[in-house]
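Reader: Please take a close look at the aromatic rings in this model, and at what lies around them. I would like one connected account rather than a list.

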Amino acid sequence: MTSSALTLITLGLLFLLGLVAEFIGRTTLVPRVSILIIFGFCIGPSGFNVLPEEASQWLPIVSDMALVLIGVVLGSSLKWSALKNSGRLVLGIVFFVVIITLLIMSVGIWVAGFSIQLAIIYAGIALATAPATTLDVIHESKAHGSFTDNLLKIVATSDAVGLIVFSIMVAIAQMMINSGGGLDIIFVGGRDIFLAVLVGILLGLPMSYLAGRVKSGEPTLLEVLGLVFICGGFSLWLDVSFLLAAMTMGVVVANMARHHNCPLCAIETIKTIKWPILALFFIFAGVSIELEDVSKNALLIILYIVFRIAGRLIGSMAGAKVVGIDKSYGQWMGMALMPQAGIALGMALTAAHRFPELGSIVTVIATATVFFEIVGPVFTRIALHRMGDAS
């Protein structure tokens with residue numbers, strides 16, 4: 001069998017695995033992301049090892065494509081008008097969840113004996129949530145009300161803020177490893193963030209203008225994917241965060257494309273085609289998990305899970321108290337923020353490519369993701385019921 005034939009057959013079977021995961025996710029309480037990761041683990045080197053050797057070369061391009069699409073969609077949720085209407089409650093909880101999670105995770109892992117660079121990387125990753133999982137739980141629970149509305153706003157805002165903070169953490173860790181510290185950290189880190197944002201703005205503006213003009217009222221897939229992948233390519237070429245560049249691009253499109261009745265049609269077009277790529281992304285994330293690395297990093301996995309739960313709960317309760325809301329509201333909001341999925345895996349892959357010397361970051365986060373994607377939705381569902389938004 002030729003290599004081309006083997007590649008096409010393998011990709012076809014992997015897409016069908018995604019279909020099976022979709023079916024299982026709809027008929028059980030297990031999220032499809034966790035199922036895909038488990039499938040990947042089973043067919044990978046630590047499982048039955050049935051993937052062809054060429055498959056190991058597919059992960060970088062698949063992950064880059066998936067993360068650029070995730071970044072654009074995530075950025076599109078940050079509309080200035082929506083942020084203005086969010087009020088002190090949403091912004092207050094987001095602020096304290098971010099700050100307290102960063103402190104608990106970074107200090108906790110560092111005190112446990114790991115390097116400070118590794119500690120701040122995991123602190124940045126811990127900020128990510130799972131918008132798709134949260135939305136699925138809300139739809140399944142038929143939840144509606146002020147708590148549900150605020151939950152969706154907090155998830156979108158905290159992910160966007162978390163992505164920016166993660167980019168800063170990566171820049172700081174890079175400079176600490178390369179230069180040992182000093183003002184170079186601020187200069188080079190600031191340069192990377194500035195260039196990533198600049199790429200997003202420069203390509204987001206033409207997308208905002210073109211959306212709906214090539215074909216009135218209905219942006220074509222070609223114009224959208226062309227600019228999105230160019231954004232990712234230029235970011236990789238400049239060696240800056242393509243996640244941050246893509247998110248900036250999404251923010252620009254969401255706030256600038258106003259020349260027709262569907263300003264977010266460009267983003268909706270991306271949403272229609274991103275799931276097949278994400279399915280491959282999660283499968284390959286599972287493939288990259290090695291059983292030996294899981295046992296070797298068991299302490300780090302447990303610490304990450306415990307510190308992230310603590311950061312969510314304490315941060316939400318502190319934020320609620322500061323803005324004058326009952327502490328129990330913050331407690332249940334913290335419970336509802338437990339899910340973590342694709343964005344965290346994307347951050348882990350980005351960090352693993354940048355810092356191979358820091359160990360099995362992908363294995364730790366993928367294992368923790370399986371935990372949070374199984375337990376997290378249960379916590380979210382309980383919180384929605386306790387707050388009276390779901391019957």
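Author: The model is predicted. Phenylalanine 234 is partly exposed, because its relative accessibility of 39% falls between the 20% and 50% limits. Tryptophan 237 has a relative accessible area of 66%, which is over 50%, so tryptophan 237 counts as exposed. Both residues belong to helix α9, which spans residues 221-238. They are 3 residues apart there, about one turn of the helix.

The model has 6 aromatic pairs in total. One of them joins phenylalanine 234 to tryptophan 237, with 5.8 Å from centre to centre and 55° between the planes. An angle over 60 degrees would be edge-to-face and one under 30 degrees stacked, so this pair is tilted.

A second pair can be set beside the pair in α9. The ring centres of phenylalanine 371 and phenylalanine 372 are 5.3 Å apart, and their planes meet at 80°; this is over 60 degrees, so the pair is edge-to-face. The two residues fall into separate accessibility classes: phenylalanine 371 is partly exposed at 30%, whereas phenylalanine 372 is buried at 2% relative accessibility. Phenylalanine 372 also has a charged neighbour, since arginine 308 lies over the face of its ring, 4.6 Å from the ring centre.

From the pairs, the account moves to the nonpolar core. In soluble globular proteins, nonpolar side chains tend to be buried together. Here the largest nonpolar core has 125 residues, and the members that touch the most others are Tyr122, Ile125, Phe284 and Ile361. The element that gives the most to this core is helix α11 (residues 265-287), with 12 residues.

Isoleucine 125 can be followed further. Apart from neighbours within four places in sequence, isoleucine 125 is in contact with two aromatic residues, Phe166 and Tyr304, and with Gln340, Ala344, Met347, Ala348, Ile361 and Ile365. Among these contacts, Ile361 is itself one of the core members that touch the most others.

The last feature is the largest pocket, whose volume is about 1200 Å³. Its lining comprises 44 residues, and Pro131, Ala132, Thr133, Leu135 and Asp136 are the closest to its centre. Helix α6 (131-141) is among the helices that supply at least two lining residues, and α6 gives the most, with 8 residues. Other helices that supply at least two include α7 (146-179), α11, α15 (342-354) and α16 (361-386). Helix α11 therefore appears both as the main contributor to the core and among the helices of the pocket lining.

Methods
Residues numbered from 1 in each chain as written. Predicted model: local features only at pLDDT ≥ 70, side-chain atom pairs only at ≥ 80, totals over all residues. Heavy atoms only, no water. Phe/Tyr/Trp six-rings, centres within 6.5 Å; stacked < 30°, edge-to-face > 60°. Helix = DSSP H or I, 4+ residues; strand = E, 2+ residues; numbered from the N terminus. Buried < 20%, exposed > 50% of the residue type's maximum accessible area, 1.4 Å probe, protein only. Lys NZ or Arg CZ within 6 Å of the ring centre and 35° of its normal. Core = buried A, V, L, I, M, F, W, Y, C linked by side-chain atoms within 4.5 Å. Contact = heavy atoms within 4.5 Å. 1 Å grid on protein atoms, 1.4 Å probe; cavity = no way out; pocket = protein on both sides within 12 Å on 5 of 7 lines; lining within 4 Å. Points joined across faces, edges and corners; volume = space filled by probe spheres on them.
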